[in-house]
Every structure is written in structure tokens, then in C-alpha cells.
Amino acid sequence: MKAFVEEFKEQARVITRDLRHRGLIQTALRKYEVARDRRKGAFGNWQMARQAAAEIKYEAINHLDTYLAEFADKLMDRGTQVHWATTPAQAREIILGIIKSKNAKSIIKSKAMTAEEIHLNDAMEKAGYEVVESDLGEFIVQLRREPPYHIVFPAMHLTRDDISALFEKELGSAPTREPEELTMIARRALRKKYITADVGITGANFAIAETGMISITENEGNARLTAALPKTMITLVGIEKVLPKLEDLALFLPMLATAGAGQTLTGYNTMYGGPRQKGEIDGPEEFHVVLLDNRRTELLADPEQRDALHCIRCGACLNVCPIFKNVGGHTYGTTYSGPIGSVITPHLRGLQDWKHLSNASSLCGACTETCPVKIDLHHHLLQNRRNASEQEPSALERFAYKGFAFLINRPGLYQFAKEMGRLLEPLHKMVKGSKLDPARSWTSTRDLPSMPSQSFKEWWRNR
Amino acid sequence: MRITLFIPCFVDSLYPNVGMSMVKILEKLGHQVECPEEIACCGQPAFNSGYWEESRAVAEPVLARLRQSEVVVIASGSCGAMLKVFYPQMFAKTEWAEAANELSPKVWEFSDFLVSKLGVTDLGAKFPAKVTFHDGCHGLRELGIKKAPRMLLEKVSGLELVEMPDAETCCGFGGTFAAKFPMISTAMGEVKCSNAQTTGADYIVSNDSSCLMHVQGLLSRQQSPIKTIHLAEILANS
Amino acid sequence: MITEREKILRRIREALTLSAPFPGEHGHGLGNKAHGTPAPIQSAKPWLPAGGETVESQIEKFRLASTDLNSDFQLAASEEEAHHILAETAEREGWKKVATHRGGLCDAAVPKLNLPVMPTDDGYDVLEMEACDAGITECDALVAQTGSVLITNTSAGGRALSILPPHHVVLARLDQLVGDLTDAFALLKTKYHSRYPSMISFVTGPSRTGDIERILVLGAHGPKKLTIICY
């Protein structure tokens, strides 16, 4: 198997030359930016709201044991079955166990990144169940047998023509260029699935400790249908999703909507506190909540980067990231892409295998500036780089930096190096951009400045 | 005021005119300028690559020398961020921690120093051209410098400032990133250049020579007529 | 035997023995500052989008938000007028059958439509509900700040009635209009005394998607139309 870093570089090489992709993503994200800025303008004070949100998340994460236990107990009080999973394998086993015990055949799913994280669909399909993604974007990428491109906009890399061709091939529908018609094709296909599905699976955006509720944010109504019609409902939720109080949502729901999609509020924000209760008209007979760790506790144990667990998965950092905009979501090869993915993937899947994502950043800080819960994202990339080189330094890099320090701390030697540079410059022009050029990674696309005859220091000494 | 001017290594060897312009401006304003011979680099390349120990080897002499300074003006937002923001982090829990914390408030990026510390915006400069300003990320986000360079440019006679779309988006330089991931860095630079070109400007101006080196490198390869220039060079032009 | 719950909680407790930097204090040394619990959410109210102080300004906010959301907001001067608007809507949309639930506002309005009605209160057939042209419900509150309708499965005839039929019609009284989300959560607390229904939902506009080229399409899975008749 090729190293993840080589795969990343290879894909990046191809996609950064794909001007159609570049244009598509830029256009989509420009629309987002305009909407987001308009909504942000409606806030009394966006910066203060960010601080308030960060402080609530800080409270929740730094007392996670208390809030998580409260969340689980409150849910159980009203008849919800709460399951705990340390590993993805455990989570899959729990969910498959529930499905099996219900003799279920078909499963309807609403968007859940945690399910992507544990490759739940693969496991269910392998076990012989029919699983249908109901969120339109997820439905599209599921038909394409590829992972979501973006945590909020799963199909943003596709045009209407791509989708029309896909539906024609997979669903036998007539080709169309109307997004509305395409949406209706999916609506009709999925309606039948809701009615017949035995089990509904969802994720959750928040877990409310005070009242024992999960909260789901969506625009399409697919999660509401998933939580209304099937007899069994399963919600998979990461342990970091906790908020202390129900009313905290008064802050988090508008912030998630604004940062995530440039909306005042997302179409449906729904809290579920249990299965159908006595005296209630409808709803699932059984409600299962599966709490997933999957190395979140390891991230929790790193106080320097603990705030990465504040993440509400709004995707705002992806939307402003110039790296993401140029390489796109799939190049990362991870469940979570963009800056937050580059920060947490080394913790979730191994530092040495995934440190290249932290290196593949200009550290511009646009992510940190935009994050609604003030995660110190780009500085965490620096910390990942430091941790990686402390753990397993590259001999070549270390030698180079030691040599540089030796040189730069000796003014005479530094002066000599500059003079050598000037002497060698004409020689470099002969090999520039070729395989012999030691600066090839720069010069294959960019010119180098020519060295002036006198450096600043020489001028200063002689003035 | 006695000003210690820190001319970072790449400005020293590749863009001496930027440093010379700064000396000219500061002296014209009546200040005494010193440029210590023993200070050459802030140590950022090693720091950004994760080699903090090797970076400290470069940074310790800098810290030792600049301790004595009354005020330090630095010719790059990026190197400024290194001294002001990252030294305290890199030296935390070392014997240099206190020195790093003491130095931080004395460090100024050049344009910020003129506007916020000296309260000067009009330097009597002339530069008859249409320009667009690129915000270097470290100056913008680590140091919070957005208005100062624009206030200075507005007072330059004959100069027309046009904002480009996404002026705050990174040009793709990012230090060693440009060499480690040249394909991404180049794509980001191309986006930056095409945004700058939509303004019809003659020059892309910045307060960071490192961004300009990257942008200029792409522009000359594309044989684009648009040129790059450091803010100090414009301000020193009369 | 130690349960998985206990294992995870133990790992959490162990991880939390080291304290983390407070938000906004990164790079200033690690968590040596004492901080209390965050201020109650009411104190964040001024930072959020405003909901309006007076009833008039709240109506105005709700109206503007509705336009923005493609919700059909109808403010009637009387109950009679509200019923008239409902009847007009039924005629314009060509409804043949509607689904609804028992409740003061629905009971007074729905029979006047003279259409076949499917009530959900004592159980219902999903296919029959899906075939209805509209789901007519009451609500707990209208939220001026966001243009949202706050429903629960108790106030709005179950979980499905407001999401399955292609047109969701909400009947509300003007005194149900509240300023913002903090007011809405306070109202829920008072109304249900912490014995919350198993579903609470803020419905903000008709069902929508932007998944194809970020172009807005209404009626992705839920109702294509949302009508709010308030009096």
C-alpha cells in the first residue's frame, strides 16, 4: 500500500490542475460567503457570540464525565437504550445487533458523519441489509459509491449534469438540467423507502445533558421522517457533542446555521428525548443512542488541542480554507477534511501516517478566524508538526536546520554564503526547472528573484 | 527614539532595497536606527517545520541581543509574528521564557509601527500608479494589521488603491509549504494573481516580502505585466 | 466486570486531570487560570440576532423572515378571517383531503373546509396521511427572530403530521409570538415543567435543499409549502 502522503500528493497534483473543479468550488463557496456575511451582520455581536459559544463548549468538554453521564441517565429515564462504544468495531456490532434483533430488512439513514467515521454503511451492506441515505447530497454520493466531499455539502463537487447522468444510469430517470426536477426524482425514490424502512439511523449535532435529548439540524426534513416513521430509531453520536443546557441551543443553533450554510436558522432543528411516550400518537417504539469514543478521549488527554473537541462540524473552516478550495474534499482521504480534519485525523488515526495534512498548510489562519467556537486550528497544525518531528524526526530536515542555525549565527560565514550564492546564480540559471535543479520544487512553476549585487547588511556596513 | 531595525535574512539577501527604504523613512522622521550585525534570522523555517529545538538555536541569540532594545521594528509581518506571538510559545517553560515575554510587546511590524506607535500616516511620498494591496496572513491574523498599510497608502500622492477580491486570502507561500507542496502553493498563487489582475492595478503591494517573492515568481513565469513592490519602497519614494 | 460506560468515563476523568487553556487564552501558558461556569445564556442575548421588543416589531421581524424563507405568513384580524384564509388556501391549492389533530384552533377551523379529514390523534395509516394534501397543525410558539414555528409532537399532532404531507399549515394565535429562541426555550420550560414531549422542533420555512450547485430547491423531503395563519 502506498503511503497516505504519496496518495495525497498525487491526487493534489491532479486536482490542482483541474480548472473545472477549481471554478466549481470557488463559485459554490462564493455564494456561501455572501449569505454567511449577511447573516453574521444580523448578529448583535458575532465575536462576542463566538466567545460565549466557546465558553459553553469549554465548560462541557472540561466536565465531560459529568455531562455525559447526566445525558445518558436522563435518556434512560424516559426509556431510551443507551450504548457505549470505545471502538468503531464495537459501535458497528451494537448497531448490527439491534438491526438483527428487529429482523429488519431495510434501513433508512439520515446524514451522520460519525457513521462515515465507523464505515457503518459498508458493514450493514456486508451483513445483507439495504441501506439508503436520505439526505439528497448523501443519496447522490452513495449512488456514486464515494464518500461525502464535504461534511455539510456532500455533493458540492458535482454539477447538475453530473447528477442528471447519475440518476439516469442508477434510477432510470429522464435527463434534466433543472435542480428542482432532480430533487423531485430523489424525493419520489426515497419516499417509498421511508414508508417501508424498519430502522432509521441518524447522527446528532448536539447532546443535551440537562434534559437528555439529542438535537438534529437539517434542511430537508429527511431526519424528521427518519425519526417519525420507522419502528426503531438508532442515533450514533460522538461523546464530544454534549451541551450542558437545553437553552444553550438558543446560541448554538443560529451559530451553526450561520457559520455552516449562511442561514439564520437551518430548516429543521429537532430535539428527541426518547421513543414514543405513553399517550403520544406516533414515533419509534424503540430509541437507541450509541455513544462513540473512537479515540476522542485521547484528544481530550492533550490539553493543548483539547478545544478541537469543541467542534460543531459546521464546515466553516473548510469553506474558507484556501487549501481545501484547491485540493477539494476527497484528496484528504479522511472522514473529516479541511482544517479540522487536518488537526484531528492525526489523533484519530495516527500521527505519523497523517502528519502530512498538518504540513500541507500555509498556516494562514483563516480557519481559526472563522471558527464559531474559536478552536485554535492553525496553531494546532503547528503543534502536530512539532509533535511529529519530536516523535520521529527526519534526519535530513534536522540536519538542514542545524546547519542553517550554525551558519546564520556566524556573520562571517553567512556573508560568505551570500557571496557564494551570487557566484552560483549564473550556474543555477543553466539548470533552472530541470531535474538537476535543487530548487526544482520552486522553479518548476515560479521564477526566483535574482540576487542583488549588494545585500542590505553590506550596504549598512558601508554607508 | 532609538529603533532596532530587524532585517530578516531573505530581505537582507534578496530585497535590500526594502531595508534601505525603511532606514531612510525612519531616519527622515528623526529617529536613530541600528541594525545589529549579529541578527539575521528569526528562526521561523525550523519552527514552522516542527523543529523547535533547532529554531531555538537560531532564536536565542536574537532574543539575547534584542533584550537590550527599546523598540524593535521588523521588516516582515511574518517574522514579526514569530517574535511577538511564537517566541513566547516556543520558549515557554525554558530559561528564556521571561525574555521572550518581555520582548513581545516591544516588537512592531513596520507599517503598524508608523501608524500605531508613531502616529504618522503622511510621509510625503509620491508614487503615480494604480496599486492593490495584499494582506500577508501573519501580519493580518497573528498581529491584527489591516488598516495601517492602507492608511499609509492613502496618503501617497498620485497613488490609486484598488481592493482586489479576496485580498485577505493567502497567496500560497507559507514558507517551507511552498516547496513541500508546490502544486497546492502554486494553485493558491494563481488564484491570488488572477484576483489581483481583475483590478487592473500596475502593482501588487504588500508589507511582506515573502508573499511578494511568491507572487512575483508566478507573475514573471506567466510574463504578466503586473509588478510587485514592498510598501516601504513606495513610502520611501519622493 | 467493568462496563464500557465506566471504561469511557474513567478515560475521560483521567484525561481531564490536566487542564486546558480557556478560550481566547491560547499561547498564554496552559490552563492555570481559574474560571467559573459560563454565564447563563440570557446574557448572550444581545450578541444574537434581535427578536424585537414590541409586538409590532416582532410581527415585522417574523414577516421579513417569512419572506426570506419562502413561508406564507398570513396575519388575520379575526378568527373568522383566519378561517377564510384557510378556506381560500384550500381552494387555491385544490386540496381534496387534509390531515389534522384535535385542538382548539384546529377544531374550530378544519371542519369548515368541508373536506374529508384524517385525524391523527387515535393512530393513523401512514399511506393515508401521505396521500393527504395538507397537514394542519397548531404549535407552541412562533419565533420572530428566526421566522420559526416551534412545535412538539404534543402540540402538533405527532411527529409525522407536520412533515409528511406536502403542505404544512400552522394555525396560531398572535400571543404565541415570542421574540427569540431564548424566549422560546423559556416558554417550553414553563409549559411542560421539564416533562418535555419526546420531540421538539423548530420549523423554519418549508423543506429545502441546496445540495445541487448550491441552488435553493423547496420540498426536498418534507413539505414544499409552509403556511402560517396567525390571528
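The following exchange concerns helix packing and nonpolar cores in a predicted model.

Trainee: What should I know about the numbering and the values?
Mentor: Residues are numbered from 1 along each chain as its sequence is written, and chains are lettered from A in the order in which they are written. Local features need pLDDT of at least 70 and side-chain atom pairs count only at pLDDT 80 or more, while totals for chains, interfaces and linings use all residues, and side-chain values use heavy atoms, leaving out hydrogens and water.

Trainee: Are α7(B) and α9(B) roughly parallel or roughly perpendicular to each other?
Mentor: Helix α7 (residues 110-117) and helix α9 (residues 147-154), both of chain B, have axes 8 Å apart and pack at an angle of about 75 degrees; helices here are DSSP runs of H or I with at least four residues, and axes are lines fitted to C-alpha atoms over the stretch in contact, with angles from 0 to 180 degrees between N-to-C directions. Because angles of 65 to 115 degrees count as such, the pair is roughly perpendicular.

Trainee: Which helix gives the most to the largest nonpolar core?
Mentor: A nonpolar core is a set of buried Ala, Val, Leu, Ile, Met, Phe, Trp, Tyr and Cys residues joined through side-chain atoms within 4.5 Å, where buried means under 20% relative accessible area with a 1.4 Å probe, protein chains only. The largest has 257 residues, and those with the most contacts inside it include A:L251 and B:Y87. With nine residues, the helix that gives the most to this core is α12(A).

Conventions
Buried < 20%, exposed > 50% of the residue type's maximum accessible area, 1.4 Å probe, protein only. Helix = DSSP H or I, 4+ residues; strand = E, 2+ residues; numbered from the N terminus. Parallel < 35°, antiparallel > 145°, perpendicular 65-115°, else oblique.
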